[in-house]
Amino acid sequence: MNPPILLNGKAISEQIKSKISEELKLRVADTAPPTLATILVGEDPASATYVSMKIKACHAVGIQSRSVTLPKETTTEELLKQIHTLNNDPNVNGILLQHPVPHQIEERACFDAILPEKDVDGVTTTSFGKLAMGKEAYFPCTPYGMILLLQEYGIGIAGKHAVVVGRSPILGKPMASMLTNLDATVTLCHSKTKDLPDHVRQADIVVGAVGKPEFIKADWIKEGAVLLDAGYNVGNVGDIEISKAKEKSSYYTPVPGGVGPMTIAVLLLQTLYSYQSKFSPILRAK
Ligand code: NAP
């Protein structure tokens, strides 16, 4: 068997960011650059770090940011008001509401208040519906980042059996829809799935989207499988026992440096698309 190939999300994300930067340099003089509005509610340090990484990445490619920070006591109504203000601001091209919000807030209602034309993080029910129906939309950044990685490395998806472990609305479920649109045969697993290792053993493509460190064991992996690890857990480890599992794989994403940087690159790309008044292209098998 050939040695496993590392899917270098860091390098591919840099290429995407360079293209965005180049494109923005061609902008007509005197026109405002794109603007991404970020909303951070509360004091979760991990969320604050993610938001500041995203803002930094925006600035590096020439996207402006508008940063809204709200106290942890914020109510659903107060957050909705902020979202409506940003929806109505013609200078804001994209809105990112950092997940998770404090427990008293109805997160789904707030996500769904974001205009689909500004939903560059791909979190609204409308965007998900469009994705599921095979239409153009803004896609959830992490799963779309994984699809772009597969495409960049020329890894075939059509006819493959993909097993996605985790079904959250921003990660596992849309990943299953994307893979389905690209003609994979998909098994979507979750906490009630019986005989999980047996499902994973069937997989040509394994997606770790659980949020439990090294939960997917090396001995569940079929020889030659492609391993995509979206998990990011304390200690810089993913959801797949990658140090051993990669030896059985054909391709694998490292943690860090795999899926994480692609997530940010997709956010920037979709902000650019919104600025250009277009959506991400329809995902369908060629
Ligand atoms: P989440 O909302 O907590 O969802 C976790 C999913 O895992 C749920 O669908 C849950 O099933 C499933 N699950 C839990 N225990 C399981 C078990 N024993 N067997 C099978 N499935 C099980 O998490 P998330 O937001 O999707 O995030 C998942 C991971 O991805 C986290 O590590 C997170 O940090 C990472 N992440 C990374 C990025 C990035 O940019 N790299 C972005 C987003 C998330 P039920 O539905 O049945 O409860």
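In the predicted model, strand E2, helix H2 (residues 45-61) and strand E3 form a right-handed β-α-β unit. The pairing of E2 (residues 35-41) with E3 (residues 64-70) is parallel and comprises 7 bridges. Within this pairing, leucine 40 has threonine 69 of E3 as its bridge partner. A parallel pairing also joins E2 to strand E4 (residues 94-97), here over 4 bridges. In that case alanine 37 is bridged to isoleucine 95 of E4.

The burial of E2 was examined residue by residue. In a regular strand, side chains alternate between the two faces of the sheet. On E2, Thr35, Ala37, Ile39 and Val41 point one way, whereas Leu36, Thr38 and Leu40 point the other way, and all of these residues are buried. Because 7 of the 7 residues of E2 are buried, the strand is largely enclosed by the rest of the structure. Two of the buried residues, Leu40 and Ala37, are those with the bridge partners threonine 69 in E3 and isoleucine 95 in E4, respectively.

Strands E2, E3 and E4 also contribute, together with helix H4 (107-113), to what covers the buried residues of helix H3. Helix H3 (residues 76-87) contains 12 residues, which at 1.5 Å a residue should span 16 Å; the separation of its end C-alpha atoms is 16 Å, in agreement with this expectation. Thr76, Leu79, Ile83, Leu86 and Asn87 are the buried residues of H3. These residues lie on the same side of H3, because the arc that they cover around the axis is only 105 degrees. Glu77, Lys81 and Thr85 are exposed and are carried on the face of H3 turned away from its buried side.

According to UniProt, in an unreviewed entry, residues 7-121 carry the feature "domain: Tetrahydrofolate dehydrogenase/cyclohydrolase catalytic". In the model, this span is 46% helix and 16% strand, and its end C-alpha atoms are 23 Å apart.

A further annotation in the unreviewed UniProt entry, "binding site", covers Gly166, Arg167 and Ser168. Glycine 166 is located in the loop between strand E5 (161-165) and helix H7 (172-181), and arginine 167 is placed in the loop between E5 and H7 as well. The accessibility of these two residues was considered individually. Glycine 166 has a relative accessible area of 12% and is therefore buried. Arginine 167, at 38% relative accessibility, counts as partly exposed. With residues up to four places away in sequence left out, the contacts of glycine 166 are Gly172, Lys173, Leu188, Cys189 and Ala209. Under the equivalent exclusion of neighbours within four places, arginine 167 is in contact with Gly172, Lys173, Leu188, Cys189 and His190. Gly172, Lys173, Leu188 and Cys189 thus appear in both contact sets, while Ala209 is listed for glycine 166 and His190 for arginine 167.

Threonine 142 was examined in addition. This residue belongs to helix H6 (residues 141-152). Its relative accessibility of 18% falls under the 20% limit, and threonine 142 therefore counts as buried. Apart from neighbours within four places in sequence, the residues in contact with threonine 142 are Leu171, Ala230, Val259 and Thr263.

Terms used
Residues numbered from 1 in each chain as written. Predicted model: local features only at pLDDT ≥ 70, side-chain atom pairs only at ≥ 80, totals over all residues. Heavy atoms only, no water. UniProt positions renumbered as here; feature names shortened; annotations may be inferred. Buried < 20%, exposed > 50% of the residue type's maximum accessible area, 1.4 Å probe, protein only. Contact = heavy atoms within 4.5 Å. Pairing = 2+ DSSP bridges. Right-handed = clockwise from strand over helix to strand, strands pointing away. Expected span 1.5 Å × (residues − 1). Arc of directions from axis to C-beta.
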